[in-house]
Amino acid sequence: MNESIRVVTDSGSDLSRELCEEYGIAVVPLTITFGSHEYRDGVDLCKDEFFRMLEEGDALPFTTQPSPADFAATYQRLRDEGAKHVISVHLSSKLSGTHQSAMLGAREVEGLKVHVVDSHSASLGIGLLAIEAVKAIRNGAGVEEAVEHVHRMRERLRVYFYVDTLEYLARNGRIGKAQALVGSMLNIKPVLTIEDGVVAPHAKVRGKRKALQLVTDSVKQQVGDKPFTAAIVHGDMVAEAEAMKEELLAAAPGSDVSLHKL
């Protein structure tokens, strides 16, 4: 791999430590605040502990984007390690100020060209684009070509997700166009997507099982029978995630479908 080009993302990408090490991706953590306590996402607070605190605590957590200084420190470290260019892929600018912080942080670093990319996405939607950047570089792409590849993949990227409740999305203000679904009838489960960088409604069904099947069917309809790359991300739904993976692979043999637990 061309070590003069490095890739950076934020912890909103939900990339595991193992994946970051495998692809050499640097991660700048967001800050998670529970009451009066602040934690660096993925550094001071792991996902399992986050969910435990969410269930047991009274205070609703909120996240804060990394500061420009946080990004500048990461960019400077990579520069000192020999990087000449950085491709920095981040949370949708319509969901977070992370992209803006990255832009500001890049201006503070001399001797390094930082290419900041708005993923227009969240979670592993960001992470997959960061991985695509690394793959392009490993395949011999120059920095401009790699950035263009990420932009092309961004246009092809689709995100579908199911949440058991819209309460947390609504309370932290990140529900976007799906706001109209709040307060729906009992047991109505929304399947959401991300459109133009914001959370938007995709469909509504009754019950968890039908919601999960709708996510699967939406992917199958999108890709047909052609091999594709997908990441299934779940909180603690191993059996359901594995069943979804099996159905997707059966529909499009040869696809790359990976499972990721938050």
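**Strand pairing and helix packing in a predicted model**

Strand β3, which covers residues 31-34, is joined to β4 by four bridges, and the two strands run antiparallel. The structure is a predicted model. The points below cover the sheet that contains β3, a hairpin formed by β9 and β10, the packing of helix α3 against helix α4, and the position of Leu95.

**The sheet of β3, β4 and β5**

- Within the pairing of β3 with β4, Thr33 stands opposite Glu38, a residue of β4.
- The sheet is open and consists of three strands in the order β4-β3-β5, with antiparallel pairing.
- Because β4 (37-40) and β5 (62-64) each have a single partner strand, they stand at the edges, and one side of each is left without a neighbour in the sheet.
- From one strand to the next, the twist averages 30 degrees.

**The hairpin of β9 and β10**

- Strand β9 (residues 188-195) and strand β10 (residues 198-206) run antiparallel and are joined by eight bridges.
- One of the facing pairs places Lys189 opposite Val205 in β10.
- Two residues lie between β9 and β10 in this hairpin, and Asp196, located in the turn, has a positive phi of about 55 degrees.

**The packing of α3 and α4**

- Helix α3 spans residues 68-80 and helix α4 spans residues 98-107; they pack at an angle of about 55 degrees, and their axes are 7 Å apart.
- An angle between 35 and 65 degrees is neither roughly parallel nor roughly perpendicular, and α3 and α4 are therefore oblique to each other.
- The crossing in which α3 passes α4 is right-handed.
- On the α3 side, the contact is made by Pro68, Phe71, Ala72 and Tyr75. On the α4 side, Thr98, Ser101, Ala102, Leu104, Gly105 and Ala106 take part.
- By residue class, the contact of α3 with α4 comprises seven nonpolar residues, three polar residues and no charged residues.

**The position of Leu95**

- Leu95 is placed in the loop between β6 (85-90) and α4.
- Leu95 counts as buried because its relative accessibility is 15%, and the cut-off for buried is under 20%.
- Between Leu95 and Glu145 the separation is 50 residues in sequence and 27 Å in space, taken from C-alpha to C-alpha.

Key:
Residues are numbered from 1 along each chain as its sequence is written. This is a predicted model: local features need pLDDT of at least 70, side-chain atom pairs count only at pLDDT 80 or more; totals for chains, interfaces and linings use all residues. Side-chain values use heavy atoms; hydrogens and water are left out. Two strands pair if DSSP finds at least two bridges between them. Axes are lines fitted to C-alpha atoms, for helices over the stretch in contact, and angles run from 0 to 180 degrees between N-to-C directions. Angles under 35 degrees count as roughly parallel, over 145 as roughly antiparallel, 65 to 115 as roughly perpendicular and the rest as oblique. A crossing is left-handed if the near helix is turned anticlockwise from the far one by less than a right angle, and right-handed if clockwise. Contact means heavy atoms within 4.5 Å. Ala, Val, Leu, Ile, Met, Phe, Trp, Tyr, Cys and Pro count as nonpolar, Asp, Glu, Lys and Arg as charged, and the others, Gly among them, as polar. Buried means under 20% relative accessible area, exposed over 50%, partly exposed in between (1.4 Å probe, protein chains only).
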